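Me: I have a structure open and I'd like to learn how to read it. Could you walk me through it, feature by feature?

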Amino acid sequence: MEFSKSSVSWALPVLFLCFVALLNNGVHASHKVFTESQSLIAVNVRQLHRTGYHFQPTKHWINVNIFVDPISRRQGHTNSTLLSNYGIYVLFRNDPVFGEEEQPEIHSVIIEPTRDSATILEDECSIRRKCRTVPFASVGIIGSTKKAAALILGVLDFLSPMYYNGIYHLFYQYNPEGAVWGNIVWAHSVSTDLINWKKVEHAIYPSKPFDKYGCWSGSATVLPGNKPIILYTGIVDENNTQVQNYAVPANLSDPYLREWIKPDDNPLIVADQSINKTSFRDPTTAWLGRDGRWRIVMGSRRKHRGMTHLYRSKDFKHWVKAKHPLHSTARTGNWECPDFFPVSVSGKNGLDTSVMGPNVKHVLKVSLDVTRYEYYTLGTYLAQKDRYIPDKDMVDGWNGLRYDYGNFYASKSLFDPSKNRRIVWGWANESDTTENDIKKGWAGIQLIPRTIVLDPSGKQLLQWPIEEVETLRRNKVELSNQKLAKGEKIEIKGITAAQADVDVTFSFNSLDNAEPFDPSWDRYDALKLCSQKGSTVQGGLGPFGLLTLASENLEEYTLSTLMDGKSHMKNGNNAYRPSFAGFVNVDLKEKKLSLRSLIDNSVVESFGEGGKTCITSRVYPTLAIYGNAHLYAFNNGTETVNIESLKAWTMSKPLQMNH
């Protein structure tokens, strides 16, 4: 998306939503093996910082989820001014607090596509060594232009979700023997509402030559005749050679599909000589072409070029590789956990994965092994050529759009026919030390599932928590028309602040005091911009927003603000806190800004402006825990702001969570 340098005279704001999580000593890649600790059974599971209403097993490590997508039950399918004068750039970020002897410049390290992975890793390690951070989430206004606005946002691994015969099935990588990655099986939980979950028997585990060394990620599809099938990546040797296998239910009359069979005619797909056999994984949900052939893609790379290899089949067993990838991009590194699906350009209903037509755009999402972030583009699927072409204004690479600009990875989506919606579900790792994960006996959570639709502008996606999460709301409190002058804050009482859902709209009388967007700012470098701004630094319009997970005397707090912000946590030594930042399009004709935050003990998920910009952070308070957590609204700008409406609820625990 382009910025208009000629329209800087409009002093419209940039909105920040900033987070910092208490993360210790770095984050490991999802496939790092911990030989000495992968089989240390958790005897005592620590409850501190465990989530109350997010999906997680009772103990040990989880990674990658898999829904089964029911989109392909039938053979045939029926097809079914960007902004006003005022726009806003919204910046979400995670902001570390540095020690007295450490250089703030480290915070501004930006991973750029032209740099090799060795340099990236060195910079990340230096950040982890030198940052000491504290948790917060904040949002703030610093500048924008009249013409346009573009987005930058600065161990459970998700396999696949499935909706089948009225039941949601979640398959996820799980270590039944420890709190780190290793001994991976496909665990399996079922639900009727995506909130309450019952664990059932593990669906897949290493047992045969085609997956002896590992059962990795994949997807599921419901074939005509209402027959589910799982495709997954198997590891066949110590060299990490990857093949694609399938599994089917042993008993279709079992509503929970407890037992799965891996037939002996596996593997279905073996890499040819043109494919990197150690980077060839994570088959997608299949879609059915008009020629009657099924298509899937796998993530891969050729040197530093990421790509999705496309395969076709008439019977779902015999697969033929296409001559060219569905799509590829230079200098992006290995692609994993790809997702490819259609979205409607004229409505909010979701579409099944095989839908094509003139009123459809396609989304290609990939998880990048090098950056550990997810990126997506919107574009056109040329069905006759089996090629995907991103729209001209899409950034196709490390500066591109993301589902979430925080701790969010390995997401998968499914079409839910019961409510005609598409749901995306992501994973957040613990970001703690391996030693701490072992001590507490668990690692990794699934975030709240989100509906996903195309923004009316056609330039990005919108995400919003599924409506079912609202059934957990209790003890509603409200504020309206509450003015906040410079330096004022007000406590939101009557709810459990450590486990809450907060939806707030701020309004203001004028944009005259908003800082203009500076054309010298790098439109892709929100992280650097964040490092120059702070929530405690008084501005004209803002910073203002929420202090979440705050201790009574503000020794600790997590800022969710409609400006920039700083956080503070007691005893934050040796913590690793990555920074996240980004801009989002917002129409400011009404002079309003909205923010929703889901707070759950050690995680904060925030959705700016109706889900245009999302960021997730893991936060680990030491004082603001359970009943000692507080919630405040505040304003540090010279311009008075108005809490036009604020609704907050205590969030209760589901009746059942994997018992």
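Reply: Here is a short tour, going from the whole protein down to single residues. Keep in mind that this is a predicted model.

Me: Let's start with the overview. How many helices and strands does the protein have?

Reply: There are 44 strands and three helices. The protein has 659 residues, and 64% of them count as buried. Its accessible surface comes to about 24100 Å², with 47% of that belonging to carbon and sulfur atoms.

Me: With strands in mind, how do I read one? Which way do the side chains point?

Reply: In a regular strand, side chains alternate between the two faces of the sheet. Now try this on strand β25, residues 360–368. On one side you find V360, H362, L364, V366 and L368, and on the other K361, V363, K365 and S367.

Me: Are those two faces of β25 buried or exposed?

Reply: Both faces are covered, and the residues on each side are all buried. That makes nine of the nine residues of β25, so the strand is largely enclosed by the rest of the structure.

Me: Which strands pair with β25?

Reply: β25 pairs with β24, residues 335–344, in the antiparallel sense over eight bridges. To find one of them, look for E336, whose bridge partner in β25 is S367. β25 also pairs with β26, residues 374–382, again antiparallel, over six bridges. There, K365 has Y376 in β26 as its bridge partner.

Me: And what links β25 to β26?

Reply: The two form a hairpin, with five residues between them. Look at R372 in that turn: its phi is positive, about 65°.

Me: Can we practise on another strand? How many residues of β36 are buried?

Reply: Eight of the nine residues of β36, which covers 499–507, are buried, so this strand too is largely enclosed by the rest of the structure. β36 pairs with β40, residues 592–600, in the antiparallel sense over nine bridges. S507 has K592 as its bridge partner in β40. Eight bridges also join β36 to β44, residues 641–651, and these two run antiparallel. In that pairing, F506 stands opposite I643.

Me: Next, backbone angles. Where else is there a positive phi in a residue that isn't glycine?

Reply: Try H49, with a phi of about 75°, and N481, where phi is near 50°. H49 lies in the loop between β2 (23–24) and β3 (60–69), whereas N481 lies in strand β34, residues 473–484.

Me: Are H49 and N481 buried or exposed?

Reply: H49 has a relative accessible area of 13%, and the cut-off for buried is under 20%, so H49 is buried. N481 comes to 58%, and exposed means over 50%, so N481 is exposed.

Me: What about the peptide bond itself? Where is there a cis one?

Reply: Go to N266 and P267, which are joined by a cis peptide bond with omega about -5°. P267 lies in the loop between β16 (260–261) and β17 (269–270).

Me: I also want to check the cysteines. What is a disulfide, and how many are there?

Reply: A disulfide is a covalent bond between the sulfur atoms of two cysteines. In this model the count comes to zero. As for single cysteines, C215 has 0% relative accessibility and counts as buried, and C614, at 1%, counts as buried as well.

Me: How far apart are L223 and F316 in space, given that they're 93 residues apart along the chain?

Reply: Their C-alpha atoms are separated by 9.0 Å. L223 lies in strand β13, residues 214–223, and is buried, with a relative accessible area of 15%.

Me: Last one: pockets. What lines the second largest pocket?

Reply: Its lining has 21 residues, and G347, K348, V453, L454 and L462 lie nearest the centre. About 390 Å³ of space lies inside this pocket. By class, the lining has seven nonpolar, nine polar and five charged residues.

Me: Which strand gives the most to that lining?

Reply: That's β32, with four residues. The strands β29 (421–428), β32 (450–454) and β33 (461–465) each supply at least two residues.

How values were computed
Residues numbered from 1 in each chain as written. Predicted model: local features only at pLDDT ≥ 70, side-chain atom pairs only at ≥ 80, totals over all residues. Heavy atoms only, no water. 1 Å grid on protein atoms, 1.4 Å probe; cavity = no way out; pocket = protein on both sides within 12 Å on 5 of 7 lines; lining within 4 Å. Points joined across faces, edges and corners; volume = space filled by probe spheres on them. Nonpolar A, V, L, I, M, F, W, Y, C, P; charged D, E, K, R; others polar. Buried < 20%, exposed > 50% of the residue type's maximum accessible area, 1.4 Å probe, protein only. Pairing = 2+ DSSP bridges. Areas by Shrake-Rupley, 256 points an atom, 1.4 Å probe, with all protein chains shown as cover. Disulfide = S-S within 2.5 Å.
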